Amino acid sequence: MEKRLIETSLELVRDDVLVGLQDLGAAGLASSASEMASRGPVGVKLDLAKVPLREDDMEAFEIMISESQERMLACVEPSRLAEVQALCARWELECSVIGEVVEGDHLICTMGDTVVGDIPVAALVDDCPRYTLDPQRPARLDTEPVDVASLPAMGDASKLLEQLLALPNIASKAAIFQQYDQIVGGGTVIRPGADAGVIRLPGSKRAVAAALDGSGRRTWLDPRRGGRQAVAEAARNVACTGGRPLAITNCLNFGNPEKGETPYMFVESVEGMAEACEALQAPVVSGNVSLYNEHSGGPIPPSPIVGCVGLIEDAGKSIGAAPRNGASIVLLGDAAPAVDGSEYQAELLGGVAGRIPDIDLAAEARLIDVLVEAAAAGISHAAHDAAEGGIAVAAAEMAIAGKVGIGIELPPLAERDDITLFGEAGNGHVLVATDDADALLALAAKHDVPALLVGTAGGDAIRVAVGPTVAELPLAAAVASWSATMPALIGAA
Ligand SMILES: [Mg+2]
């Protein structure tokens, strides 16, 4: 139904037979009809008896506010109605004339001949009541970063790597995304599973890259930093495939904004996202807000989820996360990973605590420049950033993607070697595979981005070392840990 609706809408717009077209999202006809009227500005009169319903016995107000995504509201000149109806019939899509544009500035609803509602459009669109938020900073946020000296002794690094790869936030999601057709329309350049998906634009050399990111856990520890990082990570993931970030969309999932810490978390994370969007020159072009998400009497973790879309001028230059055998591996970025808010802390060290590190957005913008230029120049052939599980997990994921071993040696970036391996920083770390390390290092230097040749791809083991500490796994063992979790979870469900 959704597909037929999209195709019909595209043809209606292409053939220019409409005055206006509006989707029906939250608050159904009430919002779409009033928004359409407001843009006129005109009055709109709807006969609710003519609205197709899924249930009998719906009251007028229910018809007005009920939501169903598979609908569009079109405004059509009466002389062109037959064309619209013919097009809908061709796509086997039901369509109904439910009202008309009228003089004035009211939204009027009837049920047959009886008026059941009459309200100024402005009352629904511009003059609607607004929340007065009371953003109080929770004392919890004044927490200091975790004192590394207080952490339990470091476990066996190889065992930790194997455990991390099996955690649901890190493990392969193939069992989920393989349920969907990833090559619909034939334009897929990079399939799901890399940092971003890449789709060719029809009739063009160009392609778009798209990625979704966000961490409720990190945003809970610091909403402004979490908001900044959600945007930066989505943009970085797009850049890893060679895409120049163009714009973002978001879905802001929060608890009840009228109470507790939620208004503060909301305002701060939105401000953080705005700062990152400005620094990365990526405007917010759309979005969605989902509030009042509560469970067990409390709000969900504040979860701004960011989608970033970026442009790749030449689809043939887009890159995935799979290094070639013999490639040099260069680490871009030298930020200090922290245990605070990391997957390692949450799952293996007893729970989320502390304060996530901040992010230098100007440095992030330079990192993106290097990634985009390296891919476009053919200097890099794979790139993958560290996220949950840190640099060691990123290295393992690259090896798994490339079906080739990887051996890297990291400088100490944190107070303890396990935190260098598995901790998570504010700024990005990206592992880039190249056949010309000198060219990549020179490009990074030109953009003032820290870069270090840390190892090579080859063999059949994953080996990530920091000084005397080594996380080492046969590639097959890593694949086994990483692959088993989602099928087991889905099976159990
Ligand atoms: Mg990534």
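## Close-up views of helix α9 and its surroundings

**View 1. The magnesium ion and its protein donors.** In sequence, the residues that donate to the magnesium ion follow the spacing D-x41-N-x147-D. Two of them join distant parts of the chain: Asn237 belongs to helix α9, while Asp385 belongs to strand β16 (residues 380-385), and 148 residues separate the pair. The model shown here and in the other views is predicted. The protein donors are Asp195 (OD), Asn237 (OD1) and Asp385 (OD), at 2.0 to 2.2 Å from the ion. Asn237 and Asp385 are both buried.

**View 2. Helix α9 from end to end.** Helix α9 covers residues 223-240, 18 residues in total. From the first C-alpha to the last, the helix reaches 25 Å, close to the 26 Å expected at 1.5 Å a residue. Most of α9 is covered, with 17 of its 18 residues buried.

**View 3. The two ends of helix α9.** At the N-terminal end, Asp222 acts as a cap: one of its side-chain oxygens lies 3.2 Å from the backbone nitrogen of Arg224. After the helix comes Gly242, which has a positive phi, near 100 degrees.

**View 4. Arg236 and the residues around it.** Arg236 is a residue of helix α9. Is Arg236 buried or exposed? Its relative accessible area is 4%, so Arg236 counts as buried. Apart from neighbours within four places in sequence, the residues in contact with Arg236 include Ile359, Glu364, Leu367, Ile368 and Leu371. Asp385 and Ala386 are also among its contacts, and Asp385 is one of the protein donors of the magnesium ion. Further contacts of Arg236 include Gly426, Asn427, Gly428 and Val430.

**View 5. Cysteines without a disulfide.** A disulfide is a covalent bond between the sulfur atoms of two cysteines. How many disulfides does the structure hold? The number is zero. Cys128 is in no disulfide, and the nearest cysteine sulfur, in Cys109, is 17 Å away. Cys128 has a relative accessibility of 31% and therefore counts as partly exposed. Why does Cys240 form no bond with the closest cysteine? The sulfur of Cys240 is too far for a bond, because the closest cysteine sulfur, in Cys308, is 11 Å away, whereas a disulfide needs the two sulfur atoms within 2.5 Å. Cys240 is buried, with a relative accessible area of 2%.

How values were computed. Residues numbered from 1 in each chain as written. Predicted model: local features only at pLDDT ≥ 70, side-chain atom pairs only at ≥ 80, totals over all residues. Heavy atoms only, no water. Helix = DSSP H or I, 4+ residues; strand = E, 2+ residues; numbered from the N terminus. Expected span 1.5 Å × (residues − 1). Buried < 20%, exposed > 50% of the residue type's maximum accessible area, 1.4 Å probe, protein only. Polar contact = N/O pair within 3.5 Å; in protein donor to acceptor, adjacent residues only side chain to side chain. Donors = N, O, S within 2.8 Å, 3.2 Å for Na, K, Ca; no water. Contact = heavy atoms within 4.5 Å.
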